[in-house]
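Work through the exercises below with the sequence and the structure at hand. Try each task before reading its solution.

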Amino acid sequence: MRLLLVGMNHESASVEVREQFAVDDPALILDKLVASEEVGEAVVVSTCNRVELCVTTPHVESAQHRLLNFFAGEEASTYVHVGRDAATHVLRVASSIDSMVVGEPQILGQMKDAYRAAVEQGACGPVLSRLFQRAFSTAKRVKNETGIAQKPVSVARVAVDLARQTFERFDDKTALLIGAGEMIELALVALQREGLEQVRIANRTVANADALAARFGATSHGLDELPDLLADADVVLTSTGGDRPLINAADVEQALGRRRRRPLFFIDIGVPRNVDPAVDELDNIFLYDVDDLQMVSNRNAEKRKNEARRAEGIVQEEEQRFDGWLVALEAVPTIRHLREGAEDMRRSEFERAISRLSGEPSDEERRILEHMTKSIVNKLLHAPVARLRAETDREEGMAMREAARALFGLDDLDTNDDKGEVDE
Amino acid sequence: MIELYQIAAALYLAAGIGSLLGLLLPSPKMSRGGAWGLAVAAVVHSAAFASLHTMNPPPPLTDLVLVLSLAAWMSVLALLALMWWLRLPGLAAAVGPFAFLSVFVTALQLPDAGPARAGATGILPHAHVILGAGSLALLGLAGVAGGFFLLEHRRLKSKRSLRIAWSLPSLEALDNVNAVSLSVGFVLLSLGMLTGMAWREKVMGAFWAGGSHELWMVVVWLLYAGLVSLRFLGEQGARQSAASAVAGFAFLLFAVVGVGMWA
């Protein structure tokens with residue numbers, strides 16, 4: 001069983017491409033994936049910066065073909081990681097080394113959500129569970145042991161810095177938040193820290209808007225009020241679902257007329273995008289989507305290069321530990337066959353010995369003999385089994401399994417016939 | 001007296017270079033140093049103006065070189081006043097060199113002391129020159145703010161790095177400078193024209209003589225009247241207002257300096 005990851009992110013594909021493959025509800029895709037012969041376990045990670053399918057598979061080539069089908073038409077914008085590379089990638093993503101804004105904390109929560117969704121869907125087995133748990137602990141180590149997350153220049157910070165280049169002050173400005181999400185809410189909090197007082201929250205479900213409005217001291221609105229809201233707003237933060245843009249150039253042109261052409265600043269971190277890119281062509285309109293935010297935050301990546309190098313060291317270390325566990329996991333079928341063979345042998349020798357006795361042994365004598373033979377077998381197998389189970393490097397583990405098969409006559413063992421039967 | 005002008009010119013140049021370096025490096029200390037340099041230069045420049053009155057009789061205030069020097073001084077004072085109100089890093093990098101050029105030319109061509117032109121004494125000619133120089137200074141500041149606005153607008157649209165962002169004023173601050181400078185500058189321009197006409201009427205008995213300066217200034221006034229109307233009736237967005245302020249100031253410079261030199 002091998003790890004396979006196919007995906008696209010902010011570096012391999014533009015937001016125009018990524019938004020075509022954004023996954024709102026992963027349940028359907030997870031069901032389809034695990035129902036296929038090629039896939040054992042699966043997790044789908046879909047954020048504004050990446051869409052990734054991570055699976056375990058006994059047949060890498062056919063599974064890869066299946067996963068690439070998901071990105072049909074944009075295969076050139078994808079990347080494929082197999083085995084240890086896939087594990088390393090997952091650890092890097094969770095640690096925010098691979099993020100658009102290196103060190104931003106939101107990705108960890110998004111990875112946890114993706115993992116939880118896979119567990120609830122029954123798509124996550126022992127291997128991916130272990131990998132994601134390892135990824136979460138790696139992220140924690142990276143956060144605690146490096147400066148990568150100190151004074152994080154998050155998307156929220158970049159958004160506020162950009163807004164400050166447009167507006168001199170915020171206490172007389174109005175922000176409009178469309179949708180919800182951790183990043184967009186952090187941006188709003190950062191703007192409120194800069195003095196922003198007037199906040200309007202619009203949502204498809206007004207009840208959701210009400211809940212958010214209560215948190216931010218804002219007013220809540222339905223999406224049908226957008227034309228009026230746009231005319232009053234100075235900063236618009238959007239992060240909501242939907243296949244088509246929620247705001248188009250005509251809406252904004254109309255709002256501009258009503259607001260006497262005062263500048264309007266959009267931060268759109270929705271994928272698919274909530275604001276039509278044509279809006280950016282209008283004068284006095286500044287529209288930043290997730291890719292634009294990456295462009296302006298490149299400096300952040302430069303400053304964090306040294307910390308990121310240290311973080312990469314931690315990721316490598318943790319990946320080795322995971323791989324050691326995976327090697328040990330691969331020994332489980334060998335160990336089981338070894339035990340089954342030994343048990344068969346013990347049982348047949350036990351029965352033969354009993355049949356040679358002059359009289360029928362009592363139940364007590366039988367129990368004592370059985371216990372003795374089992375103890376001998378267990379003690380004989382203890383050392384080789386412990387060695388096979390040890391979390392070691394891949395080559396040593398393979399050598400150990402081959403030696404066990406040869407020494408104990410398990411050559412016909414097929415380690416791949418135990419899909420779904422191994423225990424962690 | 002010449003020395004004071006030379007010192008002021010050197011200080012304006014240093015302030016302009018400091019502000020420019022502060023903008024490009026970017027360095028907040030350099031930017032702040034540039035602003036302080038501009039303030040010191042303005043003080044020396046004031047002393048240079050005061051020293052003109054030690055000449056007997058003082059040189060005529062209506063001399064173009066002195067008008068430009070006065071306009072430069074007023075633009076620096078206006079900028080320093082606006083910097084108390086708004087965060088305006090970077091603007092000194094444009095105003096400093098302009099002030100340097102004006103004062104440098106004054107130091108080279110300081111008019112000799114001599115009898116003033118007939119009728120060029122008294123309140124009306126002084127008021128005309130001061131109001132005219134004030135309008136040149138403020139409309140010039142509106143043009144500079146407009147130029148910075150266009151640069152910053154373009155930079156924000158092109159989604160470039162935030163590396164030098166902090167060293168530039170916000171679009172809103174630049175637009176505020178543009179609005180204030182344009183409105184006050186237009187009022188000064190109007191008053192300057194009225195005092196000029198009154199002066200002419202007093203000296204020559206007619207409000208209008210149809211000279212090239214008068215003609216061009218009427219065109220300038222009409223142009224700015226149109227820009228101010230568009231700006232404050234909400235027909236123009238901030239970017240269009242900025243572009244108009246740049247074009248208007250270029251036309252004003254031509255009408256005052258170009259036509260003045262040609263005449």
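The exercises that follow concern a predicted model.

**Exercise 1. The two chains**

Task: State how many helices and strands chain A has, and how many chain B has.

Solution.
- Step 1. Chain A holds 17 helices and 10 strands.
- Step 2. Chain B holds 8 helices and 0 strands. Read from the N terminus, its elements are α-α-α-α-α-α-α-α.
- Step 3. Burial can be added to this. In chain A, 44% of the 424 residues count as buried. In chain B, 44% of the 263 residues do.
- Step 4. Last come the contacts along each sequence. Of the contacts in chain A with a separation of 6 or more, 73% are between residues 24 or more positions apart. In chain B, 85% of the contacts between residues at least 6 apart join residues at least 24 apart.

**Exercise 2. Where the chains meet**

Task: Find which elements of chain A each supply at least two residues of the side that touches chain B.

Solution.
- Step 1. Begin with the extent of the meeting: 18 residues of chain A are in contact with 20 residues of chain B.
- Step 2. On the chain A side, at least two residues each come from helix H7 (155-166), strand S10 (285-289), helix H12 (290-296) and helix H13 (298-303).
- Step 3. H7(A) gives the largest share, 4 residues.
- Step 4. Sorted by kind, the residues on this side of chain A are 6 nonpolar, 4 polar and 8 charged.

**Exercise 3. Nonpolar cores**

Task: Determine where the largest nonpolar core lies with respect to domain 1 and domain 2 of chain A.

Solution.
- Step 1. The largest nonpolar core has 106 residues, and Ala42(A), Val43(A) and Ala187(A) have the most contacts inside it.
- Step 2. Domain 1 (2-151) and domain 2 (155-298) of chain A both contribute residues, so this core lies between them.
- Step 3. Take Ala187(A) as one example. Leaving out residues up to four places away in sequence, Ala187(A) touches Val155(A), Ala156(A), Ala159(A), Val160(A), Leu237(A) and Ile267(A).
- Step 4. Another core, of 69 residues, lies apart from the largest one; Leu11(B), Leu88(B), Leu139(B) and Ala242(B) are among its members.

The burial of nonpolar side chains together is a tendency in soluble globular proteins.

**Exercise 4. Strand S5 of chain A**

Task: Is strand S5 of chain A largely enclosed or open, and with which strands does S5(A) pair?

Solution.
- Step 1. S5(A) covers residues 174-179, and 5 of its 6 residues are buried, so the strand is largely enclosed by the rest of the structure.
- Step 2. One partner is strand S6 (residues 198-203) of chain A, which runs parallel to S5(A) and is joined to it by 5 bridges. Within this pair, Thr174(A) has Gln198(A) as its bridge partner.
- Step 3. The path between these two strands goes through helix H8 (residues 182-193) of chain A, and the β-α-β crossover is right-handed.
- Step 4. S5(A) also pairs in the parallel sense with strand S8 (residues 235-239) of chain A, over 5 bridges. Here Leu176(A) is opposite Val236(A).

**Exercise 5. Unusual backbone values**

Task: Locate the loops that hold Pro272(A), Ser96(A) and Asn284(A), and describe the backbone there.

Solution.
- Step 1. Recall the usual case: most residues other than glycine have a negative phi, and most peptide bonds are trans.
- Step 2. The peptide bond from Val271(A) to Pro272(A) is cis, with omega near 0 degrees. Pro272(A) sits in the loop between strand S9 (264-268) and S10 of chain A.
- Step 3. Asn284(A) is also in the loop between S9 and S10 of chain A. Its phi is positive, near 65 degrees. With 20 other C-beta atoms within 10 Å, Asn284(A) is buried.
- Step 4. Ser96(A) lies in the loop between helix H4 (84-94) and helix H5 (106-120) of chain A. Its phi is about 70 degrees, a positive value although Ser96(A) is not a glycine. Ser96(A) is buried, having 27 other C-beta atoms within 10 Å.

**Exercise 6. A residue of chain B**

Task: Decide whether Asp175(B) counts as buried or exposed, and name the residues it touches.

Solution.
- Step 1. Asp175(B) belongs to helix H6 (residues 171-204) of chain B.
- Step 2. A residue is buried if 20 or more other C-beta atoms lie within 10 Å of its own. Asp175(B) has 26 such neighbours, so it counts as buried.
- Step 3. Not counting residues up to four places away in sequence, Asp175(B) touches Phe149(B) and Ala238(B).
- Step 4. Asp175(B) and Ala238(B) are 63 residues apart in sequence, with 6.3 Å from C-alpha to C-alpha.

Note on methods: Residues are numbered from 1 along each chain as its sequence is written. Chains are lettered from A and ligands numbered from 1 in the order in which they are written. This is a predicted model: local features need pLDDT of at least 70, side-chain atom pairs count only at pLDDT 80 or more; totals for chains, interfaces and linings use all residues. Two residues are in contact if their C-beta atoms, placed from the backbone, lie within 7 Å. Ala, Val, Leu, Ile, Met, Phe, Trp, Tyr, Cys and Pro count as nonpolar, Asp, Glu, Lys and Arg as charged, and the others, Gly among them, as polar. A nonpolar core is a set of buried Ala, Val, Leu, Ile, Met, Phe, Trp, Tyr and Cys residues joined through C-beta atoms within 7 Å. A residue is buried if 20 or more other C-beta atoms lie within 10 Å of its own, exposed if 12 or fewer, and partly exposed in between; C-beta atoms are placed from the backbone. Domain bounds come from an automatic or database domain assignment. Two strands pair if DSSP finds at least two bridges between them. A crossover is right-handed if, with the strands pointing away from the viewer, the path from the first strand over the helix to the second runs clockwise.
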